[in-house]
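Biologist: I have a few labels I would like to understand before I use them at the bench. Could you walk me through how each one was reached?

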Amino acid sequence: VCDPENGEHVGWVARSSRADVDRAVTALRHGLGRDWPLHRRRAALTEASSRLAAQAERFARLISTEGCKTLVEAEREVARAVETLRLSGECADALTGETLPLDNTERGAGRIGWFVRAPVGIVAAITPFNDPLNLVAHKLGPALLAGNGVILKPHEATPLTALAFAEVLVEAGVPGDRLAVVCGEAETGGHVVTHPQVDVVSFTGGPRTAARISATAGPRRLLMELGGNNPTLVCADADPTAAAAAIVEGAFGAAGQNCLSVQRVYIARELFDLVSAAVVAKTRALVVGSKQSRRTQVGPMISEGEARRVQEWVADAVAQGAQVLAGGTRNGSFHAPTVLGNVPDDARIAAEEVFGPVVCLFAFDTVEDAIDRANSAQALHAGVFTRDVATALRISERLVAGAVLVNDTSDFRIDAMPFGGFGRSGIGREGIKHAIAAMTEPKSFIINNISGHEETQ
């Protein structure tokens, strides 16, 4: 494991083989045969939340060292993971069921019944590099509270945070035979998702990897969060200063390596010059530098190869007529925060998720045109800036996104909300209660009350 900022060695992990994965899944299946009652699951997650909070500085340093986040961004992620675990421990009510209306049909006479939420079995969790702690917590917290066993395959660039997190969970009371961590690249992930005893695959990452998982996982439940090319609309009556500040903040956090990052901004022509000038000025003022400096606002990308890819996408857009308004340069794994104008709608950087520090600005003449162009690419979230409630509601209803933020950009989420997109942005929803529902199944209990039935007759 190496620091992407300077290539320095950080640590080693073992690349897990097919035999390693098989041993892990076999141990988890055995663990499911042991009783682990709900109150102990709840207590373990609550204790893990407290332990993680007590080790916040250690985890922030680890996240920032092996990953792409600045130290300040890493500290925020640790705080969110603490909350994710706390919320998971508080969600026992998500496992309640209902009574069955058996007497609503003649065939149900003399019977009583109910259903509960039962764990699906073994959950395979495959997580990305950009949130190496909180996105792991979002999969493990709900899965464990629901009573499942979990095999985690963290991203190969950031496995140390996941391994340290697993230690915290076990020390907090999660049984060792309910949690396994295997490390490696795509081959290890393939062993995990194709294992015949894995019941659910929960994946966060890119659409190409998702396509491979879908093609090889076979008939089992798939939960996927695949990111998106997120739009923000700035209407003619919007506050241009507030909009510009939010756009810059939402576009360049974690060097743009964020599934909610602002990538496309559609600005009413009346405000275009004012908003674009403010976005460019604020972008040029961002401090790019070492992740370990508290002054740094934009750090490196996860690898020099990824920074080079973004540079190529920008160059392709420029070759098609786009104009670089700010940034556009690369130095090793650092890609400067970049603002593009005059980008053709069919340019790759406008049509696909760039997952890097680039934002594209477009002018629009009518709201209907802006909505149509915003919906031309898959999005997780979308933002709308307007002072008019009716306009906000009209646009929000028509935008195809998992959430629409009014007077904010796409880059907002609380960890309890349902999280996901439409179409190829993913399958299912994350968010604690929603993930618990996806990782459980209704199990019905029906009793034939023979003696009561006879007395009635």
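Biologist: Why is Ile-112 called partly exposed?

Modeller: This is a predicted model, and in it Ile-112 has 48% relative accessibility. Buried means under 20% and exposed means over 50%, so Ile-112 falls in between and counts as partly exposed.

Biologist: Thanks! Where is Ile-112 found?

Modeller: Ile-112 is part of strand β2, which covers 111–119.

Biologist: What makes Ile-112 eligible for a surface patch?

Modeller: Patch residues need over 30% relative accessible area and no salt bridge. Ile-112, at 48%, is past that area cut-off. Together with Trp-114, Phe-445 and Ile-447, Ile-112 forms a nonpolar patch with about 340 Å² of accessible area. At least two of the patch residues come from β2 and at least two from β18 (440–448).

Biologist: Now to the loops. Why is Ala-255 called buried?

Modeller: Its relative accessibility is 1%, and the cut-off for buried is under 20%, so Ala-255 counts as buried. You will find Ala-255 in the loop between α9 (240–252) and β9 (262–268). Ala-255 also has a positive phi of about 55°, although it is not a glycine.

Biologist: And Phe-355: buried or partly exposed?

Modeller: Phe-355 has 18% relative accessibility. Being under 20% is what the label requires, so Phe-355 counts as buried. Phe-355 sits in the loop between α12 (348–351) and β14 (358–364), and its phi is positive too, near 50°, in a residue other than glycine.

Technical notes. Residues are numbered from 1 along each chain as its sequence is written. This is a predicted model: local features need pLDDT of at least 70, side-chain atom pairs count only at pLDDT 80 or more; totals for chains, interfaces and linings use all residues. Side-chain values use heavy atoms; hydrogens and water are left out. Patches are made of residues with over 30% relative accessible area and no salt bridge: like charges are joined within 9 Å, nonpolar side chains (Val, Leu, Ile, Met, Phe, Trp, Tyr) within 5 Å. Accessible areas come from the Shrake-Rupley method with a 1.4 Å probe; for residues, only the protein chains shown count as cover. A salt bridge is a side-chain nitrogen of Lys or Arg within 4 Å of a carboxyl oxygen of Asp or Glu. Helices (H or I, at least four residues) and strands (E, at least two) are DSSP runs, numbered from the N terminus. Buried means under 20% relative accessible area, exposed over 50%, partly exposed in between (1.4 Å probe, protein chains only).
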